[in-house]
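Please open the model in your viewer, with the sequence panel beside it, and follow the selections below in the order in which they are given.

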Amino acid sequence: MMSIRIAIIGYGKIAQDQHMPAILANPDFEIVATASPHPHPEAPGQAFGTHGALIAGMAGRLDAVAICTPPAARYAIARDALDAGLHVLLEKPPAATLGEIQHLEALAGQSRRTLFTAWHAQHNPAVDAARALLAGKVVTAFHIHWFEDVRKWHPGQEWIWEPGGFGVFDPGINALSIATRILPVPLFVRAATLRFPSNRQTPIAASLTFASERGAFGAELDWRYTEGERWTIRAETADGGVIELHDGGATLLVNGERRAFGGAGEYRSIYERFAALIRTGQSDVDSDPLRIVADAYLAGRRELVEPFA
Ligand code: NAP
């Protein structure tokens, strides 16, 4: 079978750390080009400065693109790629707004190309196992704690503080992508408090309360945590069970007992799925985690906290 000729658009941290190795390890793909504003001499294939130059320069020699830019740039790039007849993988979050992702989904349908929202945290085997354990259960309490140090995980990234940059929801949406995948009921924001540094446009911390007819359902996201990382999700069920995901969805504990998983890793799994979707002519567009962030902004109270420098 012919390999899928792919280009990476936005050759930053996640493209280099995860996308490139996962593509190189997958025989379904051949990496043929990159597009990024600044030169990256080590990048494989032909290098372009803009996605427009890439699409024009690679016409007839390209099948798919993986868009790894910050989210605010993603819509226009994905639209142009779909218009050019290319399959599109979107890093998380898939777009800056719900309107953008809805339009991209419609365009993919019209052009009969694959559009894939790659929520990497959903590709942990422990997440699928948690989903299976919670299927058909009554969840009586649900809590997300997503704490990390923004200076450690996003050094020098200014876009996270700009409108459309998501702030603490940039990592927090990973937790929401796991939550929407494992819970047997839909999640709705009932109330939220968003904490904005007084000199920034996006929140550094957020508390979310979800609608629930049972016990408390909530999320605490905080970028001011400097004692390591805490990326945990805990669900209690009416039959007394406790399901916990630790380490960002990589580790599963059932009633306190750790379950072991193998697996090739999140990004290998993402590219296996992308290849399968392209080969079968399907799209996979999941905008639920983005809806929760949008709803938190719609329903949320604003608090100003100390400036971030
Ligand atoms: P990053 O290091 O800032 O990389 C983004 C890259 O996009 C930059 O290097 C920039 O390239 C390029 N870029 C910006 N605007 C562009 C445009 N219009 N066209 C083409 N390229 C453009 O950010 P990142 O950490 O990789 O994050 C990118 C996305 O991946 C975010 O949505 C983030 O949520 C997601 N993600 C990140 C991680 C992580 O651990 N960092 C993990 C999972 C997902 P130049 O360098 O050439 O200027």
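Begin by selecting Phe166, which sits in the loop that runs between α6 (150-153) and α7 (169-182). This is a predicted model, and in it the phi angle of Phe166 is near 75°, a positive value in a residue other than glycine.

From that loop, move on to Asp170 and display its side chain together with that of Lys92, since the two side chains meet in a salt bridge with an N to O distance of 3.6 Å. While Lys92 is still selected, turn to the peptide bond that leads from Lys92 to Pro93, which is cis, with omega near -20°. Pro93 itself belongs to the loop between β5 (87-90) and α4 (98-111).

Next, colour the chain by domain, using 4-118 for domain 1 and 124-259 + 294-305 for domain 2, as the domain assignment of the protein gives them. The centres of the two domains, taken over C-alpha atoms, are separated by 27 Å. Eight residues from domain 1 and seven residues from domain 2 take part in the contact. How much area do domain 1 and domain 2 bury between them? The value is about 670 Å², and 72% of it lies on carbon and sulfur atoms. Across this interface the rule finds one salt bridge, and the side of domain 1 that touches domain 2 is made up, by class, of seven nonpolar, no polar and one charged residues. Between domain 1 and domain 2 the count of residue pairs in polar contact, with both residues at pLDDT 80 or more, is one.

Now select strand β7 (residues 139-147) and show it with the two strands that are described here as its partners. Strand β11 (residues 230-237) runs antiparallel to β7 and is joined to it by eight bridges; to find one position in this pairing, pick Ala141, whose bridge partner in β11 is Glu236. Strand β10 (residues 217-222), by contrast, runs parallel to β7, and six bridges join the two. Here the residue to pick is His145, whose bridge partner in β10 is Glu220.

For the last stop, display the side chains of Asp239 and Lys137, which meet in a salt bridge with an N to O distance of 3.5 Å. Asp239 lies in the loop between β11 and β12 (242-246), whereas Lys137 lies in the loop between α5 (125-134) and β7, so the pair ties together parts that are 102 residues apart in sequence. If you wish to go through the remaining pairs of this kind, the count by this rule comes to 16 salt bridges.

Notes:
Residues numbered from 1 in each chain as written. Predicted model: local features only at pLDDT ≥ 70, side-chain atom pairs only at ≥ 80, totals over all residues. Heavy atoms only, no water. Domains from an automatic or database assignment. Contact = heavy atoms within 4.5 Å. Buried area = accessible area lost by both parts, 1.4 Å probe. Salt bridge = Lys/Arg side-chain N within 4 Å of Asp/Glu carboxyl O. Polar contact = N/O pair within 3.5 Å; in protein donor to acceptor, adjacent residues only side chain to side chain. Nonpolar A, V, L, I, M, F, W, Y, C, P; charged D, E, K, R; others polar. Pairing = 2+ DSSP bridges. Helix = DSSP H or I, 4+ residues; strand = E, 2+ residues; numbered from the N terminus.
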